[in-house]
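Grab a pencil and have the sequence and the 3D view open side by side. Try each exercise yourself before you read its solution.

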Amino acid sequence: MPTYKAPVSDTLFLLSDVFDYAKYANAPGFSEAPIDVVEAVLTEGAKFVEEIIQPLNRVGDLEGCKRDPAGGVTTPKGFKEAYKAFVEGGWVGLAGDPAYGGQGLPTFLSVLFNEYANSANLAFAMYPGLTNGAVAALMTHASDELKARYLPKMTTGEWTGTMNLTEAHCGTDLGLIKTRAVPQGDGVYAITGEKIFISAGEHDLADNIIHLVLARIDGARPGVKGISLFLVPKFLPDANGEIGERNGVVCGAIEHKMGIHGNSTAVLNYDGAKGWLVGEEHRGLQAMFVMMNGARLGVGVQGLAISEVAYQNAAAYAKERRQGRSLKGPVEPEKPADMLLVHPDVRRMLLEIRAFNEAARAFMIWVALSQDEARLSPEAKTRQAAEDRLGLMTPVLKGVFTDYGFANAVKAQQVLGGHGYIAGWGMEQFVRDARIAMIYEGANGVQALDLVARKLPKDGGRAIMAFFGEVSQFLAAAKNDAALAPYLGALEAALGHLQQASMWLSKNGLADPNNAGAGSYDYMHLLGLTALGYMWARIVKAALAKKAKGESSPALDAKLTFARFFNERMLPETGAHLARLSAGAASVMALPVEAF
Ligand SMILES: Cc1cc2nc3c(=O)[nH]c(=O)nc-3n(C[C@H](O)[C@H](O)[C@H](O)COP(=O)(O)OP(=O)(O)OC[C@H]3O[C@@H](n4cnc5c(N)ncnc54)[C@H](O)[C@@H]3O)c2cc1C
């Protein structure tokens, strides 16, 4: 059975030493969360996920969710009690608005806690995760009346939320949505249609489920500009805000799927269900984007979360399992064989995962802090810079983290050899659970397109130029630091590759959009790797500063080695990405349809 220990001390090192958390001490929104509060919340959160939800991970996978003929869905044994404890512990509303019963802590803290929760039990963590996304969309776009009616119970997690975009004929292309909304007067709409693949769409964890549904008001124009967003509760609240009459939405089926069995993936049939408009008519996609952007970051974090838990279990196995001898002769001659960790190739696999995990955690914190800065900073310049960073890095975090998440789960499984393929060890569940993160919330190819077609050119390339500037400044400032300099060569080269790729795209992408499309995936990974390399440079700087102050520990020294490994063996992939991208679309688009 796999185990999990939340990496609290690593998170705290990154926050305090790499991102200088002390500088936020008096910033608006952060004053409630000095570092000792952050530490207490993370330590308590780690304990909660390790003791309460991680033990349910395998049960959830084996049992899955079950739908009864009336459309009710039962979650796996133990989920209901664990969810109750989750709500009572205040974990859903960690960053929620105190006006609605939240704890008012900065959003980044909830992102950090989410990593732990997803490592412990990804299928379970999706229920509160989606609720938080729905709350964010309602906070930004709902009327005061809707907020007052729904947010108090959603913020605490007593009622959960969902996100309803997908229909059978319409996944990526939301312009094809057919679900109808017919005005009934008094701001009420009758919603009719079928949504598929709705995560947490029906379950027994909460008394009510609040669906956020994209639909087309009768007579609206075709395409995405004719879509509106509606709030459709499973039960209509009565005058006191308690559960009232059942609304016209039922779960027609749940999907049998590759992984995340503990999360119900529902077909929802809306038959004249009462819905209320969120935001303006025909601008539903803008309103839903609040939820989608949050969900993209949340799904990216799932990639890191699975990578971390898979690593922990593979590393533990590699210390126990004995096969063969070290290439340089027996390390433990008294034993029948040496441990797996003596083999360079086993180390390679583990190091590739670990070197991603630590830098990815830094990347996640960097982006999560930007989320708070974009919302809370009193300075317009800081808000804008944070908003730019968040916009640029959201598709990267989603696409790159989830690609690595799956690849790393497979690598960790490989460390266990045949035992990794056997269910009892839990590694094959990580592989199956990690796979969906590359697909939902916008498949990764679509994240890459969003990056290249929308985020790069936005505001004349301001966001990517700011990233170039930030990394260049870091490199220039560190040049004369004799201890740090040896860690920077690969980053400098990667930055050069990224700049060349950006120039190539701005020239050739305009001339032929297929050049941008064909190069987008490589660009996303090139930017992701460069950002991870930048994170390693910052981690090394912080680690060296600690050592210079006389602090020394094997964990600190190990960070320097992980950074070196990343620079020598992972970051140089940016060169291959540049070469592929600048080959253009010719060979990609040459063949006629019949040739496939
Ligand atoms: C377990 C699970 C849970 C889900 N949860 C939810 C949920 O809670 N709410 C919800 O609304 N949806 C949910 N989804 C749906 C999910 O978001 C979609 O499956 C996903 O967005 C892709 O849509 P699709 O499956 O229709 O694939 P398609 O849109 O048909 O795409 C197929 C492939 O073509 C590529 N592609 C499509 N269009 C383009 C393009 N223009 N350019 C380049 N490549 C393109 C895609 O990248 C993909 O690889 C869930 C799906 C699953 C399996």
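**Exercise 1.** Find which element gives the most to the shell around the ligand in this predicted model.

*Solution.* Start with the elements that each supply at least two residues of this shell: they are β3 (159-164), β5 (188-199) and α12 (444-455). Next, pick out the top contributor, which is β5, with three residues. Now look at the shell by class: ten residues are nonpolar, seven are polar and two are charged. Finally, zoom in on the nearest of the 19 residues around the ligand, and you'll meet Met163, Thr166, Thr172, Phe197 and Ser199.

**Exercise 2.** Work out which atoms of threonine 172, phenylalanine 197 and serine 199 sit by the ligand, and then how much of the ligand the protein covers.

*Solution.* Take the ligand's oxygen side of the story to begin with: an oxygen atom of the ligand lies 2.6 Å from a polar side-chain atom of threonine 172. Then turn to nitrogen. Phenylalanine 197 uses its backbone here, with a polar atom 2.8 Å from a nitrogen atom of the ligand. Serine 199 uses its side chain instead, where an N or O atom is 2.8 Å from a nitrogen atom of the ligand. As for cover, the ligand on its own has 970 Å² of accessible area, and the protein covers 62% of that.

**Exercise 3.** Describe the second largest pocket: its volume, its lining and the element that gives the most to that lining.

*Solution.* First, the volume comes to about 710 Å³. Second, count the lining: there are 29 residues, and those nearest the pocket's centre are Glu373, Thr382, Ala385, Ala386 and Arg389. Third, see where the lining comes from. The helices α9 (344-376), α10 (380-415) and α13 (462-478) each supply at least two residues, and α10 gives the most, with nine. Last, sort the lining by class, and you get 16 nonpolar, four polar and nine charged residues.

**Exercise 4.** Alanine 200 has a positive phi, and so does aspartate 459. Say what is unusual about that, and decide whether alanine 200 is buried or exposed and how aspartate 459 counts.

*Solution.* Begin with the general rule: most residues other than glycine have a negative phi. Alanine 200 isn't a glycine, yet its phi is positive, at about 60°. Where is alanine 200? Look in the loop between β5 and β6 (208-217). Aspartate 459 is not a glycine either, and its phi is near 50°. Its place is the loop between α12 and α13.

Now for accessibility. Buried means under 20% relative accessible area, so alanine 200, at 1%, is buried. Aspartate 459 counts as partly exposed because its 43% falls between the 20% and 50% cut-offs.

**Exercise 5.** Trace the polar contacts of threonine 11 and histidine 211, and say whether each residue is buried or exposed.

*Solution.* Go to helix α1 (residues 8-18) and you'll find threonine 11 there. Its side chain reaches the backbone oxygen of proline 7 at 3.0 Å. With 1% relative accessibility, threonine 11 counts as buried.

Then hop over to strand β6, the home of histidine 211. Here two side chains meet: histidine 211 and threonine 162 are joined by a polar contact of 2.8 Å. Histidine 211 is buried, with a relative accessible area of 1%.

**Exercise 6.** Match leucine 578, methionine 524 and glutamate 568 with a partner far along the chain, using C-alpha distances.

*Solution.* Take leucine 578 in helix α17 (residues 573-581). Its partner is leucine 498, 80 residues apart in sequence but 7.4 Å apart in space. Leucine 578 is buried, at 11% relative accessible area.

Methionine 524, in helix α15 (residues 513-548), pairs with histidine 577: they are 53 residues apart along the chain, with 9.3 Å between their C-alpha atoms. Methionine 524 counts as buried, at 0% relative accessibility.

Finally, glutamate 568 lies in helix α16 (residues 554-569). Its C-alpha is 7.4 Å from that of alanine 490, and the two are 78 residues apart in sequence. Glutamate 568 is partly exposed, with a relative accessible area of 47%.

Key. Residues numbered from 1 in each chain as written. Predicted model: local features only at pLDDT ≥ 70, side-chain atom pairs only at ≥ 80, totals over all residues. Heavy atoms only, no water. Near = heavy atom within 4 Å. Polar contact = N/O pair within 3.5 Å; in protein donor to acceptor, adjacent residues only side chain to side chain. Areas by Shrake-Rupley, 256 points an atom, 1.4 Å probe, with all protein chains shown as cover. Helix = DSSP H or I, 4+ residues; strand = E, 2+ residues; numbered from the N terminus. Nonpolar A, V, L, I, M, F, W, Y, C, P; charged D, E, K, R; others polar. 1 Å grid on protein atoms, 1.4 Å probe; cavity = no way out; pocket = protein on both sides within 12 Å on 5 of 7 lines; lining within 4 Å. Points joined across faces, edges and corners; volume = space filled by probe spheres on them. Buried < 20%, exposed > 50% of the residue type's maximum accessible area, 1.4 Å probe, protein only.
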